[in-house]
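Dear colleague,

Below is the structure I promised to hand over, and after it I have set out what was found, in an order that I hope is easy to follow with the model open beside you.

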Number of protein chains: 4
Amino acid sequence: MSTTFHLDDDHFHDECGVFGIFGADEAAKLAYLGLYALQHRGQESAGIAATDGVQFRVERGMGLVQDVFTPEVIGRLPGFAAIGHTRYSTAGDTSLGNAQPLASDCNKGKLALAHNGNLTNALELRRNLEHKGSIFQTTSDTEVIVHLVARSKVGNLAGAVADALGQVEGAYSLLILTRDEIFAVRDPRGFRPLAIGRLRDAWVVASETCAFDLIGAEYVRDVEPGEMLRISKGGLESIRFAPERTHQHCIFEHVYFARPDSIVFGRGVNATRERLGRLLARECPAIADIVVPVPDSGVPAAIGYAAESGIPFRMGLIRNHYIGRTFIEPEQAIRDFGVRLKLNPVRRLLEGHRVVLVDDSIVRGTTSRKIVRMVREAGAAEVHVRISCPPTVSPCHYGIDTPTKIELIASRNSIEQIREFIGADSLGYLSLESLRAALEDTEGKFCTSCYTGVYPTENIQLEVEAHRG
Amino acid sequence: MSTTFHLDDDHFHDECGVFGIFGADEAAKLAYLGLYALQHRGQESAGIAATDGVQFRVERGMGLVQDVFTPEVIGRLPGFAAIGHTRYSTAGDTSLGNAQPLASDCNKGKLALAHNGNLTNALELRRNLEHKGSIFQTTSDTEVIVHLVARSKVGNLAGAVADALGQVEGAYSLLILTRDEIFAVRDPRGFRPLAIGRLRDAWVVASETCAFDLIGAEYVRDVEPGEMLRISKGGLESIRFAPERTHQHCIFEHVYFARPDSIVFGRGVNATRERLGRLLARECPAIADIVVPVPDSGVPAAIGYAAESGIPFRMGLIRNHYIGRTFIEPEQAIRDFGVRLKLNPVRRLLEGHRVVLVDDSIVRGTTSRKIVRMVREAGAAEVHVRISCPPTVSPCHYGIDTPTKIELIASRNSIEQIREFIGADSLGYLSLESLRAALEDTEGKFCTSCYTGVYPTENIQLEVEAHRG
Amino acid sequence: MSTTFHLDDDHFHDECGVFGIFGADEAAKLAYLGLYALQHRGQESAGIAATDGVQFRVERGMGLVQDVFTPEVIGRLPGFAAIGHTRYSTAGDTSLGNAQPLASDCNKGKLALAHNGNLTNALELRRNLEHKGSIFQTTSDTEVIVHLVARSKVGNLAGAVADALGQVEGAYSLLILTRDEIFAVRDPRGFRPLAIGRLRDAWVVASETCAFDLIGAEYVRDVEPGEMLRISKGGLESIRFAPERTHQHCIFEHVYFARPDSIVFGRGVNATRERLGRLLARECPAIADIVVPVPDSGVPAAIGYAAESGIPFRMGLIRNHYIGRTFIEPEQAIRDFGVRLKLNPVRRLLEGHRVVLVDDSIVRGTTSRKIVRMVREAGAAEVHVRISCPPTVSPCHYGIDTPTKIELIASRNSIEQIREFIGADSLGYLSLESLRAALEDTEGKFCTSCYTGVYPTENIQLEVEAHRG
Amino acid sequence: MSTTFHLDDDHFHDECGVFGIFGADEAAKLAYLGLYALQHRGQESAGIAATDGVQFRVERGMGLVQDVFTPEVIGRLPGFAAIGHTRYSTAGDTSLGNAQPLASDCNKGKLALAHNGNLTNALELRRNLEHKGSIFQTTSDTEVIVHLVARSKVGNLAGAVADALGQVEGAYSLLILTRDEIFAVRDPRGFRPLAIGRLRDAWVVASETCAFDLIGAEYVRDVEPGEMLRISKGGLESIRFAPERTHQHCIFEHVYFARPDSIVFGRGVNATRERLGRLLARECPAIADIVVPVPDSGVPAAIGYAAESGIPFRMGLIRNHYIGRTFIEPEQAIRDFGVRLKLNPVRRLLEGHRVVLVDDSIVRGTTSRKIVRMVREAGAAEVHVRISCPPTVSPCHYGIDTPTKIELIASRNSIEQIREFIGADSLGYLSLESLRAALEDTEGKFCTSCYTGVYPTENIQLEVEAHRG
């Protein structure tokens with residue numbers, strides 16, 4: 001029989017992306033395009049909720065935005081306002097159940113929620129709600145918010161949402177659609193991004209500004225941490241539902257997650273990455289012939305490294321863009337099969353050369369080991385690995401799917417041990433100071449818990465399956 | 001109702017890729033991987049024929065290799081020898097009918113054929129064969145070969161194939177599978193590539209060597225123009241079926257088609273492209289701040305241009321890799337929608353800068369015009385377009401899907417007129433001399449008819465629908 | 001363009017079927033077979049919930065049991081206990097949302113519910129629950145029961161279910177699966193059937209006994225009206241959760257719905273129907289040459305009619321069993337197209353004959369009119385229509401999908417007017433007295449509200465979309 | 001893992017059905033309906049070829065007519081003339097390759113062929129044609145005809161077809177579509193039926209007249225054995241292409257294959273079957289309480305048996321109409337699983353009764369054995385099996401898919417041995433004389449080779465896979 005090989009890249013997996021639009025004809029079509037631009041933030045499921053003031057419809061499906069949203073499906077989503085969500089889900093969770101937007105019908109009317117982030121006290125809240133008779137339909141932390149809103153004694157929705165959010169802890173960039181308004185909310189620490197834009201008469205909100213560029217909208221500003229924006233026919237209303245706390249922007253959005261053409265937390269992502277490469281070249285120089293990125297995410301940092309070091313930049317690894325999820329593998333195993341399916345070494349470029357290989361992270365180390373081996377087998381004389389951030393030592397609890405601490409190679413190995421494991425001639429990581437410097441973070445506004453193991457929220461309970469959003 | 005937008009890139013479309021393997025367990029699985037590596041040469045259909053000496057099976061389907069070949073389908077293809085084909089097909093031809101390998105059962109036994117190239121006298125031959133009572137099942141030029149083999153008076157297959165090929169004109173890199181052998185043949189001018197490799201005890205043949213790299217095979221040499229290789233349990237037998245003619249290797253394989261990590265006509269493709277960029281920088285310099293490729297194919301030439309000119313290389317355009325075939329478009333049209341779906345400008349990189357935009361061809365000019373406009377709207381101060389080959393003035397008759405002459409913008413416009421049409425501040429093409437120099441083609445071994453309109457074969461009849469392979 | 005013709009049979013639509021099994025290896029596979037046997041009770045969606053004591057899984061899908069439950073899907077349902085549901089849904093409700101079993105996770109643990117019947121006070125209960133903060137996920141009346149159970153102050157599940165059912169009104173044959181037990185409940189009036197059977201060491205429950213026959217189980221008895229059976233590893237426990245009320249068994253189960261080989265309410269269905277035919281022959285005799293049923297449901301009554309009257313029984317109409325949902329119709333319309341697709345007259349049997357046409361109901365009259373016309377066009381000399389029950393004058397509120405009162409032809413027309421509309425030479429209905437006599441219903445244990453307009457429950461509110469189960 | 005159970009009914013498998021129409025708007029839509037009415041003759045694949053005088057299109061697919069022909073597919077078949085084909089295929093042949101109509105492009109122009117029957121000298125002809133250089137695309141005997149037409153020296157098509165048919169032996173009811181005419185041909189012995197009808201200005205041809213009834217066409221006459229009808233804008237032209245031979249109408253069409261509402265070979269099928277039942281009652285009486293058919297095909301004969309014997313007719317077995325191809329079977333096997341999935345005994349009808357079970361054939365005997373056992377387990381006191389034709393002792397070579405001689409239970413067992421094997425209390429077959437008498441066949445116009453082993457054609461070579469049509 002044929003055995004299939006499941007590709008499992010050893011990257012941190014993407015989280016979720018959210019998009020909302022209010023006041024446009026064919027809002028669902030624009031949401032669909034917005035989600036397409038945010039596809040890199042989650043490829044497992046996609047959903048859109050839309051309203052025309054009377055009807056209130058939700059369509060969700062497993063797969064890519066383009067596959068879920070056929071003209072027929074979009075045709076079922078008329079209206080002037082819509083919110084959408086793309087999601088990365090964990091392995092076992094292949095059903096639609098946890099896909100977002102979550103829709104519900106409660107005493108506050110019809111609601112749909114799209115959430116990027118993770119709540120850290122969801123389990124405790126859920127147990128309490130179940131005890132009172134609430135029934136949960138999903139295993140997602142997001143559903144807790146819906147129940148808190150439904151049970152709130154505050155009559156108006158804005159108040160009930162504020163009441164509910166007052167009880168949750170953790171990371172949330174949240175969109176709520178009702179029959180006639182959108183709420184766009186960001187937690188008081190501002191873990192995850194959420195930007196506001198303008199498209200003619202319509203307001204748009206999105207995880208990243210690249211979603212604005214596609215539809216021709218203009219970036220206005222970010223939703224502030226602790227701010228709830230109510231967007232309705234009456235315009236934009238800013239409600240401060242919680243006192244601002246020390247900002248904790250996710251630094252890894254700039255290092256790896258966000259698209260290089262996005263502006264995130266008010267800064268251009270590509271420029272950050274190029275700067276990381278330049279600082280890396282200063283901190284961890286190498287005597288080499290060419291600088292080669294691990295594509296695609298390593299490209300901007302490699303360009304920075306090359307520019308600063310004067311060593312020529314070359315595309316010595318080519319990424320295959322026809323890649324799927326599973327492959328049929330011959331019985332006589334092919335060495336480093338998974339990496340070869342994705343990355344192709346340009347042998348004549350690498351042969352006989354000393355290579356600086358620039359990547360943005362090492363997770364378990366297994367993929368890096370294979371890439372180094374493949375580059376060496378293609379003829380490289382030396383392989384010097386350079387990582388454009390500090391060693392990742394601790395999992396994220398705020399919306400990124402990371403392996404457990406014990407699986408993170410840097411959590412229990414020295415840099416020299418990691419170098420030996422991956423088989424590089426030398427290995428260098430960027431320092432936390434330089435990472436902060438690249439982002440001009442003098443006030444400590446960024447969350448760096450994955451590099452330090454120090455978490456900004458009090459209690460970390462993650463027994464409730466996070467919705468990975 | 002929703003209107004869907006069909007993406008139509010204004011590139012020359014890829015042609016076909018062929019792969020064969022003899023003497024390996026699970027030959028079909030290795031063929032599947034070989035085709036995966038050749039996916040860039042044709043995404044419309046994929047097929048594999050395999051034999052175990054007794055059974056002889058063919059499976060073909062519309063779509064990508066991975067989608068067509070599920071474990072169940074591969075399971076129906078047991079055997080030690082297999083040939084495969086990926087195809088680009090023209091718009092109307094959505095049925096499986098013309099997909100390859102073409103299989104048939106004739107007095108010479110069971111045969112399967114996979115063909116890359118185009119025959120130029122297929123129509124004449126077909127009319128003649130039909131007159132004699134032959135029945136054609138496809139509209140493909142390749143089927144003519146099958147009928148000529150079946151009607152050949154020469155008893156043995158090698159002889160019958162030689163007899164048949166003696167009657168056809170044009171371009172063919174051809175694989176033929178029988179129950180116990182593979183024939184690998186290249187036309188006497190060697191238009192299209194065909195390389196031989198070795199995987200342990202097995203022989204492999206492929207359009208490009210990147211197919212060898214994936215499965216761990218080693219490149220041995222090219223099949224020679226006019227050579228027919230018979231691969232059987234007895235080993236490799238080289239038969240010269242036609243006198244060699246002046247070589248006419250397709251120069252555009254190096255400019256655009258082949259994968260940069262392949263060795264084609266004995267030369268590394270990436271190195272060629274980097275050299276094209278360097279020569280372009282000398283011939284068409286520009287005063288600018290950054291060099292930006294049109295990704296992905298423009299990258300190596302842009303690296304060469306940057307290296308030679310000293311102007312920094314930057315990824316100012318990012319390609320979206322989640323792209324599908326059709327998109328739903330809002331009624332309020334989005335400007336340059338098609339280009340925006342594929343390419344995203346990194347605004348903060350382009351803003352205020354003088355940009356050299358490096359691409360590998362201009363076909364109709366419409367896409368280039370949109371890209372230039374998009375780069376300008378993202379803030380570029382000046383846009384200087386540089387093309388890493390001469391103007392394309394005439395269609396290809398040897399296996400590449402090109403628009404008609406009248407649609408090729410360079411066939412009826414001066415460079416200045418093209419510059420004006422695409423809206424660039426300046427436009428430069430590489431000269432034919434430099435293109436030849438980059439390939440060290442002092443003897444005129446390359447076909448350059450798309451740049452000159454001069455064709456190396458006598459009569460060009462293309463009324464029979466070419467199989468685009 | 002092609003226009004498609006949607007088949008809409010003018011029958012009362014089937015309702016729902018439920019099946020449960022406890023204490024068998026591969027419980028889900030047996031549930032799948034049980035549902036297959038109950039397929040006639042609902043073809044729109046199918047679902048199974050199963051437990052192995054640890055895992056608790058639900059799989060549901062649109063379509064027939066065999067299409068929804070592939071080996072892969074069944075493989076996701078391990079365990080010793082399972083409940084299943086087949087459903088007929090109304091036109092607009094094509095989504096999976098309302099499919100059953102309904103699953104939920106509440107403070108009483110994980111629950112799955114499968115419901116046949118309709119609650120008559122669901123709307124009022126739902127409004128009340130929403131006011132208290134409950135969130136509804138479906139538009140089904142069944143969900144009300146789940147919320148009442150979750151909010152019950154009674155700690156143990158049996159008590160909480162009894163508490164919940166004490167608040168609902170209407171018809172329910174209900175199965176509830178937990179991690180380690182099944183509850184099988186029937187409302188105090190016993191509207192819908194629910195039978196208990198034995199398969200080796202396992203207990204089975206099903207809407208009809210035909211589900212027992214397929215898997216080789218034996219019929220034991222019916223669940224009593226007002227009885228809740230708790231089936232667990234400890235065996236069968238009978239709990240009377242409500243005082244018995246006057247029985248109101250749905251008489252239409254015997255007339256039309258149930259499969260003839262089932263025992264329903266303790267009586268064989270085929271025998272009932274044959275008896276209806278005999279009584280019909282006595283009450284509404286005809287001078288004719290042949291008795292022809294409208295297949296398949298009219299067959300047993302026609303056999304009875306023929307036996308009693310001495311007029312030969314003939315299959316003068318043949319049902320097409322390859323029938324689908326939609327057909328392409330030519331522009332030049334074909335007369336009585338919909339009926340012709342389903343029923344084929346045997347011309348040589350009908351020609352010149354006086355025909356008694358036996359059917360089990362006339363709903364709107366439009367289909368009957370077409371059948372009569374088709375039989376006449378096939379050559380019948382006279383057409384005498386005989387219906388094996390009284391005129392249907394009022395809709396069902398207890399689980400059967402009927403048109404509104406105004407659409408029921410008998411609600412506003414005399415028998416003579418109906419005869420004229422359908423174009424029959426004569427028309428006869430069975431009297432209510434004979435219908436009752438056939439069922440030996442001397443005590444008024446059957447609900448006959450569709451024939452009388454008199455409803456046994458107090459308040460009939462059906463604004464909440466009934467789940468049609 | 002789940003094991004799936006493949007239903008394999010022990011009936012002779014249906015053969016093929018053909019339909020043609022000339023001179024109607026939307027010819028393909030009417031062909032689609034005609035094929036739908038002929039669906040019982042083949043459920044494996046369906047195809048339609050159509051022409052509007054300019055375009056000539058063929059669409060074929062695996063599955064039922066309704067599934068293959070969506071509005072989109074029908075939309076690709078414009079024109080005033082069309083032919084269609086439904087096919088039963090043998091187990092391994094799951095590909096589309098052999099589906100009909102076969103289309104080809106030869107020196108006589110574009111042709112499509114639809115064939116019901118089997119050629120008995122196809123292998124010899126094929127070898128000869130291959131030797132001359134013809135290439136075969138299918139393993140179907142029908143393709144031989146295409147090649148003979150293409151190679152015919154006769155210039156006009158009618159002549160070339162006559163020339164080709166002069167070389168073939170065996171059974172064929174054949175339709176050929178060209179750009180502007182339809183040929184309808186029947187072999188000189190008339191093995192398989194082919195009827196002509198009239199629909200307004202259009203001519204229709206079909207395997208059975210039930211296809212006329214659905215679209216409202218009227219039966220005119222049969223195509224005569226040895227007659228070729230050319231239908232064109234000029235009207236109907238009758239060409240006698242071969243001298244008539246002794247007629248050999250397939251008697252099994254009347255016994256089992258054809259639909260009861262069809263007129264086949266000029267006789268009503270239902271009437272024949274009822275008469276078979278009556279004669280069976282006279283030849284093989286039984287002392288019993290009820291007569292029960294094996295539905296659906298056994299119904300008319302059972303009605304005849306009951307009428308003649310005076311024993312009451314009852315539907316003691318009910319056929320499940322939701323049946324699919326494969327079922328998931330529990331590990332603890334269910335006795336007679338396959339039969340139970342299809343047939344449901346009505347226990348209360350059978351209990352304690354002496355049952356005459358009427359069926360139309362016994363093939364291997366395995367299914368009959370299960371049915372008898374199931375009826376007995378449902379309580380029948382005695383089971384008397386009556387078959388409405390003689391024992392089947394020899395395979396068919398003229399278009400019906402039968403098992404090999406050795407698998408036919410009656411080929412090597414006495415009636416008493418068969419009775420013992422199937423476990424019946426008594427077993428009776430109709431005599432060949434009575435079968436002929438029922439068809440008033442005094443001149444020996446029917447082929448009865450399956451009952452006698454005597455074949456009307458000289459040489460029976462079936463090594464070429466018959467196309468089962």
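In this predicted model, helix α6 of chain B, which covers residues 157-165, lies across four strands of the same chain, namely β8 (173-177), β9 (181-186), β13 and β14, and the helix runs at about 155° to β13(B). Those four strands belong to an open sheet of six, in which the order is β6-β7-β8-β9-β13-β14 (chain B) and the pairing is antiparallel. Because β6 (102-106) and β14 (235-240) of chain B stand at the edges and have a single partner strand each, one side of each is left without a neighbour in the sheet. From one strand to the next, the twist averages 20°.

At one end of that order, β13 (residues 227-232) of chain B and β14(B) run antiparallel and are joined by six bridges. If you would like to find one of the pairs yourself, look for E227(B), whose bridge partner in β14(B) is R240(B). As background, strands of a sheet pair through backbone hydrogen bonds, either parallel or antiparallel.

Chain D offers another example of antiparallel pairing, in which strand β10 (residues 195-199) and strand β11 (residues 202-206) of chain D are joined by five bridges. What do β10(D) and β11(D) form? They form a hairpin with two residues between the strands, and R200(D), which sits in the turn, has a positive phi of about 50°. β10(D) also pairs in the antiparallel sense with strand β12 (residues 218-222) of chain D, this time over four bridges. I196(D) is a useful residue to follow here, since it stands opposite V205(D) in β11(D), while its bridge partner in β12(D) is R221(D).

Turning to chain A as a whole, its secondary structure comes to 16 helices and 25 strands, and its C-alpha atoms fill a box of roughly 70 × 55 × 45 Å, taken along the principal axes. A compact globule of 469 residues would have a radius of gyration near 23 Å, and chain A, which has 23 Å, therefore agrees with that expectation. Buried residues make up 61% of the 469 residues in chain A, and, of the contacts in chain A with a separation of 6 or more, 72% are accounted for by residues 24 or more positions apart.

Why is helix α5 (residues 142-151) of chain A described as largely enclosed by the rest of the structure? The reason is that ten of its ten residues are buried, and a residue is called buried here if 20 or more other C-beta atoms lie within 10 Å of its own. Among them are T142(A), E143(A), H147(A) and R151(A), together with V144(A), I145(A) and L148(A). The buried residues of α5(A) pack against β6 (102-106), β7 (109-116), α4 (122-131) and α6 (157-165) of chain A.

Helix α5(A) appears again where chain A meets chain C, a contact that takes 14 residues from chain A and 14 residues from chain C. On the side of chain A that touches chain C, the elements that give two or more residues are β6, α4 and α5 of chain A, and α5(A) gives the most, with four residues. That side divides into five nonpolar, six polar and three charged residues.

The contact between chains A and B takes 51 residues from chain B and 51 residues from chain A. On the chain B side, the elements that each supply at least two residues are α1 (27-37), α3 (71-75), α7 (210-215), α9 (269-283), α10 (299-309), β21 (343-345) and α12 (347-350). The residues of that side divide into 27 nonpolar, twelve polar and twelve charged.

How are chains A and B related to one another? Chain B is superposed on chain A by a rotation of 180° with 0.0 Å of shift along its axis (RMSD 0.0 Å), and that is the relation of a two-fold axis. The same surface serves both copies, as 100% of the contact residues of chain B recur in chain A. Of the residues of chain B, H321(B) comes closest to the rotation axis, at 3.4 Å (C-alpha).

Finally, there are chains that do not touch, and these include chain B and chain C, whose nearest C-alpha atoms are 15 Å apart, as well as chain A and chain D, whose nearest C-alpha atoms are also 15 Å apart.

With best wishes

Technical notes. Residues numbered from 1 in each chain as written. Chains lettered and ligands numbered in written order. Predicted model: local features only at pLDDT ≥ 70, side-chain atom pairs only at ≥ 80, totals over all residues. Contact = placed C-beta atoms within 7 Å. Nonpolar A, V, L, I, M, F, W, Y, C, P; charged D, E, K, R; others polar. Buried ≥ 20, exposed ≤ 12 C-beta atoms within 10 Å, placed from the backbone. Rg over C-alpha atoms; globule rule 2.2 N^0.38 Å. Least-squares fit on C-alpha atoms with pLDDT ≥ 70 in both. Pairing = 2+ DSSP bridges. Axes fitted to C-alpha atoms, helices over the stretch in contact; angles between N-to-C directions.
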